[in-house]
Amino acid sequence: MIINKNNKVPLYEQLYNYLKSKILNSEFKTKDRLPSKRELAKNFGISVNTVTTALEQLVSEGYIESKERSGFYVLDINNLYTSNLKAKSNFKKDLSDENILNLDDSFYYNAIAYDLFPSNSFRKIFGDIINRDLKKMNLSPQAQGDYSFRKQICNYLEMARGFKTKPENIIISAGMEYLFQILFSIMDDQVFGIENPGYNALPKLLKNHNKRFYPINLDSDGLSVKNLEKTKVNMVITTPSHQFPTGIVMPINRRVSLLNWAYQNKSYIIEDDYDSEFRYIGKPIPSLKSLDEQDRVIFMGNFSKSISPTLRISFMVLPDKLVKIYHERLPFLICPVSGILQAMMTEFFMSNKFVRHINRMRRIYRKRRDKMIDILKNYKDIELSGTDAGLHLIAEFKNDISEEELISSAKAAGFSVYTMSEFFIDKIELKNPKLLLGFGSMHTEIMDKKIRKLFNAFGL
């Protein structure tokens with residue numbers, strides 16, 4: 001039965017959907033006359049008024065037309081949707097999304113403790129702002145982001161990352177991709193160097209903007225300056241405080257060498273400080289920017305790991321020279337982040353709740369990291385690395401299992417796993433396969449069960 005009177009969907013909408021589908025599937029063809037209002041009302045057991053409402057909606061959307069004293073006729077819509085309705089989707093299901101939704105099941109390297117979002121704090125802050133600063137919320141947004149928010153970021157960077165900057169040097173945006181687009185616009189003839197292995201979205205981003213780039217291989221200290229010097233790179237992107245995906249922490253002598261390369265070549269370094277808050281051994285590593293005496297480091301940060309990726313708030317600290325070019329070339333840009341969200345973040349910082357939240361999350365992630373290490377130490381055929389910081393560690397398999405076997409076995413057990421080789425510019429298969437095992441979203445109470453299930457699938 002087409003019309004279901006017990007359905008919550010209004011009767012006119014049910015009829016409207018039925019007739020529209022008939023038109024889109026060409027069961028009612030162009031110039032066909034639809035049954036009269038009375039016929040439709042009688043056939044579906046509904047009132048003429050209900051039928052009239054459905055037909056008027058179809059008229060307003062251009063599916064049919066009304067001819068006086070004649071009735072309603074189907075218009076030519078060029079079969080716009082016909083093939084799409086019948087076609088099967090060619091898109092593959094993203095297993096990483098599936099894992100992210102199963103919050104306590106995920107070994108996803110990028111997963112955080114989603115259930116520990118500081119919702120009570122943000123709920124209270126939101127109410128306070130709406131009641132107190134509604135007039136301010138209606139002001140035009142500032143190009144580089146709210147000044148008060150930028151000032152709080154300055155204070156935090158001085159305290160946590162060891163360098164001073166000014167709000168005038170900070171640009172707030174909605175994701176790292178937008179920040180890179182700004183850089184592409186204000187700098188000419190960039191030839192990028194990117195870590196190999198590294199963040200696998202970067203090559204795609206650079207290719208889409210027709211930017212030249214060279215993969216720079218790593219050694220035990222991170223990005224190799226010797227390899228960098230062999231290229232024509234004049235801007236290098238690096239993750240020195242916790243290299244992604246290997247977890248290498250760049251030592252001071254390598255940092256100095258990298259800075260000297262930038263000074264000698266009048267080049268720039270983009271320091272991606274994506275998860276520096278979460279270090280578990282010793283004190284937090286000072287940022288590369290804190291060592292920069294000639295203003296050649298562009299510092300990028302975000303709140304995806306520290307609070308939530310759904311905030312879509314990132315920021316960039318530009319050298320003075322680039323700030324000037326930014327204003328000359330991009331005077332029309334407006335910060336894409338909601339003013340209310342920026343005001344909430346400002347209050348979150350000013351009330352010291354951000355620092356308390358970070359300290360709390362660091363304790364929780366340390367417990368989860370320690371638990372995962374303790375469990376994995378029971379498996380003799382793997383070697384762990386990258387355990388000092390971040391939200392994932394590396395498990396290298398020393399037995400005869402292949403990377404392909406790891407992936408297929410994990411899938412059969414209901415898990416998605418991510419291998420180190422996926423993050424090389426040209427995907428390779430390592431002699432000893434390495435898995436990235438995330439612990440950010442996995443509760444300690446279920447960790448043993450999940451790891452056993454996964455490693456049983458590997459035959460370990």
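Is Ser308 buried or exposed? Ser308 counts as buried, because its relative accessibility is 7%, under the 20% cut-off. Please keep in mind that this is a predicted model. Ser308 lies in the loop that links strand S9 to strand S10 (314–317). Setting aside residues up to four places away in sequence, Ser308 touches Ile112, Phe117 and Phe303.

## The eight-stranded sheet

The loop of Ser308 leads us to the sheet that holds S9 and S10. This open sheet has eight strands, in the order S3-S10-S9-S8-S7-S4-S5-S6, and its pairing is mixed. Strand S3 (170–173) and strand S6 (222–223) stand at the edges; each has a single partner strand, so one side of each is left without a neighbour in the sheet. Helix H12 (residues 252–265) packs on this sheet and touches strand S5 (212–219), S6, strand S7 (235–238), S8 and S9. The direction of H12 makes about 140° with that of S8.

Strands of a sheet pair through backbone hydrogen bonds, either parallel or antiparallel. Strand S8 (residues 268–272) runs parallel to strand S9 (residues 297–302), and four bridges join the two. One bridge in this pair sets Asp272 against Met300 in S9. S8 also pairs with S7 in the parallel sense, again over four bridges. Here Ile237 stands opposite Ile270 in S8.

How many of the five residues of S8 are buried? Five of the five are buried, and the strand is described as mostly covered. In a regular strand the side chains alternate between the two faces of the sheet. In S8, Tyr268, Ile270 and Asp272 point one way, while Ile269 and Glu271 point the other way, and all are buried.

## Helix H8 and its surroundings

Now for a helix that packs against part of this sheet. Helix H8 (residues 147–161) has 15 residues and spans 20 Å from its first C-alpha to its last, close to the 21 Å expected at 1.5 Å a residue. At the N-terminal end, Asp146 acts as a cap: one of its side-chain oxygens lies 3.1 Å from the backbone nitrogen of Ser148. Just after H8, Gly162 adopts a positive phi of about 80°.

The buried residues of H8 are Phe149, Arg150, Gln152, Ile153, Cys154, Tyr156, Leu157 and Arg161. They pack against S3, S9, S10, helix H14 (339–350) and helix H15 (353–376).

Cys154 deserves a closer look. This residue of helix H8 counts as buried because its relative accessibility is 6%, under the 20% cut-off. Leaving aside neighbours within four places in sequence, Cys154 is in contact with Thr165, Lys166, Pro167 and Ile170. Val51 is 103 residues from Cys154 along the chain, and the C-alpha atoms of the two are separated by 62 Å.

## Two helix pairs

Two packed helices are described by the angle between their axes and the distance between the axes. The table sets out two such pairs.

| Helix pair | Axis distance | Angle |
|---|---|---|
| H8 and H14 | within 9 Å | roughly 35° |
| H2 and H3 | 9 Å | about 115° |

H8 passes H14 in a left-handed crossing. At this contact, Ser148, Phe149, Gln152 and Tyr156 in H8 meet Gln342, Met345, Thr346, Phe349 and Met350 in H14.

Helix H2 (residues 37–44) and helix H3 (residues 48–60) form the other pair in the table. H2 passes H3 in a right-handed crossing. On the H2 side Lys37, Leu40 and Ala41 take part, and they meet Val48, Val51, Thr52 and Leu55 in H3.

## The four-stranded sheet

Further along the chain there is an open sheet of four strands, in the order S11-S12-S14-S13, with antiparallel pairing. Its edge strands are strand S11 (382–385) and strand S13 (418–419), each of which pairs on one side only.

Which strands pair with strand S14 (residues 434–438)? S13 pairs with S14 in the antiparallel sense over two bridges. In this pair Thr419 stands opposite Leu435, and Tyr418 stands opposite Leu436. Strand S12 (residues 392–397) also pairs with S14 in the antiparallel sense, over five bridges. Leu393 has Leu437 of S14 as its bridge partner. S14 is mostly covered, with four of its five residues buried.

Terms used: Residues are numbered from 1 along each chain as its sequence is written. This is a predicted model: local features need pLDDT of at least 70, side-chain atom pairs count only at pLDDT 80 or more; totals for chains, interfaces and linings use all residues. Side-chain values use heavy atoms; hydrogens and water are left out. Two strands pair if DSSP finds at least two bridges between them. Contact means heavy atoms within 4.5 Å. Axes are lines fitted to C-alpha atoms, for helices over the stretch in contact, and angles run from 0 to 180 degrees between N-to-C directions. Buried means under 20% relative accessible area, exposed over 50%, partly exposed in between (1.4 Å probe, protein chains only). The expected span of a helix is 1.5 Å times one less than its number of residues. A polar contact is a pair of N or O atoms within 3.5 Å; within protein, one must be able to donate a hydrogen and the other to accept it, and residues adjacent in sequence count only if both atoms are side-chain atoms. A crossing is left-handed if the near helix is turned anticlockwise from the far one by less than a right angle, and right-handed if clockwise.
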